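Visitor: I am new to this structure and should be grateful for a close look at a single part of it. Please explain also how that part is placed among its surroundings.

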Amino acid sequence: MDNKNNLVELLDIMAALRNPDTGCPWDIKQNFASIAPYTLEEAYEVIEAIEQNDMLNLREELGDLLLQVVYHARIAEELGHFDFHDVAQTISQKMIRRHPHVFGSEEERQNGARPGFWERIKADEKQEKVRKYNNEENEENKSDPKVSLLDDVPAAMPALMRAVKLQKRAAKVGFDWPDLAQVFAKMREELTELEVALSEANQKQTEDKHHIEEEFGDLLFVMANVARHLTIEPETALRGANAKFTSRFHYIEQRLAEMGKTPEQSSLIEMDALWDEAKAKEKPISSTEDTGFIENSFRVKD
């Protein structure tokens with residue numbers, strides 16, 4: 001098969017899978033909502049392959065992600081909305097529109113990528129969406145156009161990523177802490193409010209889950225703000241922490257197995273000592289570093 005025809009073949013395969021008479025029963029019954037979780041999963045698997053620098057796996061995972069695009073486009077075509085070619089055309093036009101310094105007129109190419117051009121182009125696109133919303137899609141409710149800066153931040157986006165995105169949007173119009181010190185102060189304030197909520201629940205001998213969850217959410221939101229001010233991607237940082245935890249816990253399991261024991265047969269003190277061993281093997285512990293998972297993560301009381 002000619003490489004140029006591979007995409008055509010993939011589109012034909014999807015059409016065959018969705019054929020109501022001869023297709024696959026599982027594929028036929030799927031819809032946008034049922035496929036969406038797989039789309040998100042495949043995107044994460046692409047990221048994992050990149051982080052592991054596994055090019056063979058990355059090729060496969062990118063194919064799986066492409067299949068998701070083809071799948072959604074096929075469902076949309078069957079419903080009479082658009083097809084894969086419309087999707088490709090739309091993104092092609094967007095990339096050309098957003099890169100006038102590459103695809104524009106002679107003058108635009110000479111001007112280059114001037115500061116703020118990307119934001120101006122996106123603002124124009126947003127206004128165009130508002131006009132379409134009012135003129136075509138909102139005939140019955142023109143008094144309620146989508147004009148908020150935050151409207152097009154997807155609600156289905158992972159919450160930590162969405163928090164940063166929302167904060168960035170608000171910061172563009174000056175709604176932001178002026179320096180990191182004030183963000184840290186807000187972080188401490190939210191931590192105190194969470195502690196107070198827990199204390200009040202203990203005093204009343206009731207567990208106000210909603211209030212505690214709300215305060216915990218506020219703390220996570222401000223932590224996302226800390227990451228933004230430090231120009232750190234919180235999802236990446238948390239994935240790194242997850243990987244570190246996994247590596248150290250695997251070490252604990254391996255060392256216990258060498259002793260003929262399982263984690264269930266061991267005490268927390270034993271496992272914490274092995275945690276320190278795993279940590280020591282990663283890098284030398286300085287006098288200013290923490291010295292135990294228990295003390296720093298659980299804060300065991302005396």
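Guide: One term is needed at the outset: a salt bridge is a side-chain nitrogen of Lys or Arg within 4 Å of a carboxyl oxygen of Asp or Glu. The model shown here is predicted. The part chosen for the close look is helix H12, which covers residues 234–258.

A few words on the whole will give helix H12 its setting. The protein has 14 helices and zero strands, and of its 302 residues, 24% are buried. Its accessible surface amounts to about 21,200 Å², with carbon and sulfur atoms accounting for 56% of that area. Where contacts join residues at least 6 apart in sequence, 46% of them link residues at least 24 apart.

Helix H12 itself may be considered from its length. It holds 25 residues, and at 1.5 Å a residue these should span 36 Å. The C-alpha atoms at its two ends are 36 Å apart, which agrees with that expectation.

The two ends of the helix come next. Ahead of it, in the loop between H11 and H12, is Thr231. Most residues other than glycine have a negative phi. Thr231, however, has a positive phi near 55 degrees. At 74% relative accessibility, Thr231 counts as exposed, because that value is over the 50% cut-off. At the start of H12, a side-chain oxygen of Glu233 comes to within 3.2 Å of the backbone nitrogen of Glu235. After the helix comes Gly260, whose phi is also positive, near 75 degrees.

Which residues of H12 are buried? They are Pro234, Glu235, Arg248, Tyr251, Ile252 and Leu256. The cover over these buried residues includes four other helices: H3 (32–51), H9 (159–171), H11 (209–229) and H13 (268–282).

Two of those covering helices, H3 and H13, are also joined to H12 by salt bridges. In general, side chains of opposite charge can pair when their charged atoms come close. Arg239 pairs with Glu51, and their closest N and O atoms are 2.7 Å apart. Arg239 belongs to helix H12 and Glu51 to helix H3, so this salt bridge ties together parts that lie 188 residues apart in sequence. Both partners are partly exposed: the relative accessible area is 25% for Arg239 and 46% for Glu51.

The other salt bridge is formed by Arg255 and Glu277, with 3.2 Å between the closest N and O atoms. Here Arg255 of helix H12 is linked to Glu277 of helix H13, 22 residues away along the chain. Arg255 is partly exposed, with a relative accessible area of 22%, and Glu277 is partly exposed as well, at 31%. Elsewhere, Arg18, Arg74, Glu77 and Glu78 are joined into one network by salt bridges that share partners. The structure as a whole contains 12 salt bridges.

A salt bridge inside a single helix offers a useful contrast with these links between helices. The side chains of Glu189 and Lys186 meet in one, with 3.1 Å from N to O. Both residues lie in helix H10 (residues 180–203), three residues apart, which is about one turn of the helix. An α-helix has 3.6 residues a turn, so residues three or four places apart point the same way. Glu189 is partly exposed at 37% relative accessible area, and Lys186 is partly exposed at 21%.

Helix H3, which supplies Glu51, deserves a closing word. Leu40 lies in this helix and is partly exposed, with a relative accessible area of 42%. Together with Tyr44, Ile47 and Met161, Leu40 forms a nonpolar patch on the surface, with about 300 Å² of accessible area in total. Three residues of the patch, its largest share, come from H3. Asn53 lies in the loop between H3 and H4; although it is not a glycine, it has a positive phi of about 55 degrees. Asn53 is exposed, with a relative accessible area of 60%. In helix H4 (residues 55–78) one finds Leu66, which is partly exposed at 34%. The C-alpha atom of Leu66 is separated by 9.3 Å from that of Thr39, a residue 27 positions away along the chain.

Conventions: Residues are numbered from 1 along each chain as its sequence is written. This is a predicted model: local features need pLDDT of at least 70, side-chain atom pairs count only at pLDDT 80 or more; totals for chains, interfaces and linings use all residues. Side-chain values use heavy atoms; hydrogens and water are left out. The expected span of a helix is 1.5 Å times one less than its number of residues. Buried means under 20% relative accessible area, exposed over 50%, partly exposed in between (1.4 Å probe, protein chains only). Contact means heavy atoms within 4.5 Å. A polar contact is a pair of N or O atoms within 3.5 Å; within protein, one must be able to donate a hydrogen and the other to accept it, and residues adjacent in sequence count only if both atoms are side-chain atoms. Accessible areas come from the Shrake-Rupley method with a 1.4 Å probe; for residues, only the protein chains shown count as cover. Patches are made of residues with over 30% relative accessible area and no salt bridge: like charges are joined within 9 Å, nonpolar side chains (Val, Leu, Ile, Met, Phe, Trp, Tyr) within 5 Å.
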